[in-house]
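Me: I am new to this structure and would be grateful for a close look at a single part of it. Please describe that part in one connected account and explain each term as it arises.

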Amino acid sequence: VGVPVREVTLVLALGFHFFPVLLDEGRQVRAALESRGISTRHPRVALRLRALLVWTLAVLFGMVDRSTRLAGALEARGFALPRTMRHRFPAWRHVA
């Protein structure tokens, strides 16, 4: 059929594995922000939105950092993309 089963399985396994890590990191970031006085439960709407923006950016940058470290580890273990482009067309044939 041509479905890259190995790659799809790897992506799904990593996604399911890191989802709880992402939730835990979100909780830790929220606790760190609240310890600094930045809360998503503030009575003023502008400060709540600012806290939500700061929380979102912190979690996003944490995800990017974690994904770059994971990509480096996967490349070191042989899951890197091929460096050369594969030939997509059939080889030339001599038609007599």
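Reply: Helix 2 (45-76) is among the elements that cover the buried residues of helix 1, and helix 1 is the part examined here. The model is a predicted one, in which local features need pLDDT of at least 70 and side-chain atom pairs count only at pLDDT 80 or more, whereas totals for chains, interfaces and linings use all residues. Residues are numbered from 1 along each chain as its sequence is written, and side-chain values use heavy atoms, with hydrogens and water left out.

The setting may be given briefly. The protein chain contains 2 helices and 0 strands; helices (H or I, at least four residues) and strands (E, at least two) are DSSP runs, numbered from the N terminus. Of the 96 residues in the protein chain, 9% are buried, where buried means under 20% relative accessible area, exposed over 50%, and partly exposed in between (1.4 Å probe, protein chains only).

Helix 1 runs over residues 5-35 and has 31 residues. From its first C-alpha to its last, helix 1 reaches 45 Å, close to the 45 Å expected at 1.5 Å a residue; the expected span is 1.5 Å times one less than the number of residues. Helix 1 nevertheless bends by about 35 degrees at Phe18, and a proline, Pro20, follows within four residues. The bend at a residue is the angle between axes fitted to the seven residues ending there and the seven starting there. After helix 1 comes Gly37, whose phi is positive, near 90 degrees.

The buried residues of helix 1 are Glu25, Gly26, Val29 and Leu33, and two of these can be followed further.

Glu25 lies in helix 1. Glu25 counts as buried because its relative accessibility is 13%. Leaving aside residues up to four places away in sequence, Glu25 touches Val59, Gly62, Met63 and Arg66; a contact means heavy atoms within 4.5 Å.

Val29 is likewise found in helix 1. Its relative accessible area is 15%, so Val29 is buried. With residues up to four places away in sequence again not counted, Val29 touches Trp55, Ala58 and Val59. Val29 and Trp55 are 26 residues apart along the chain, and their C-alpha atoms are separated by 6.6 Å.

Such pairs may be set beside the chain as a whole. Among the contacts in the protein chain with a separation of 6 or more, 54% are between residues 24 or more positions apart.
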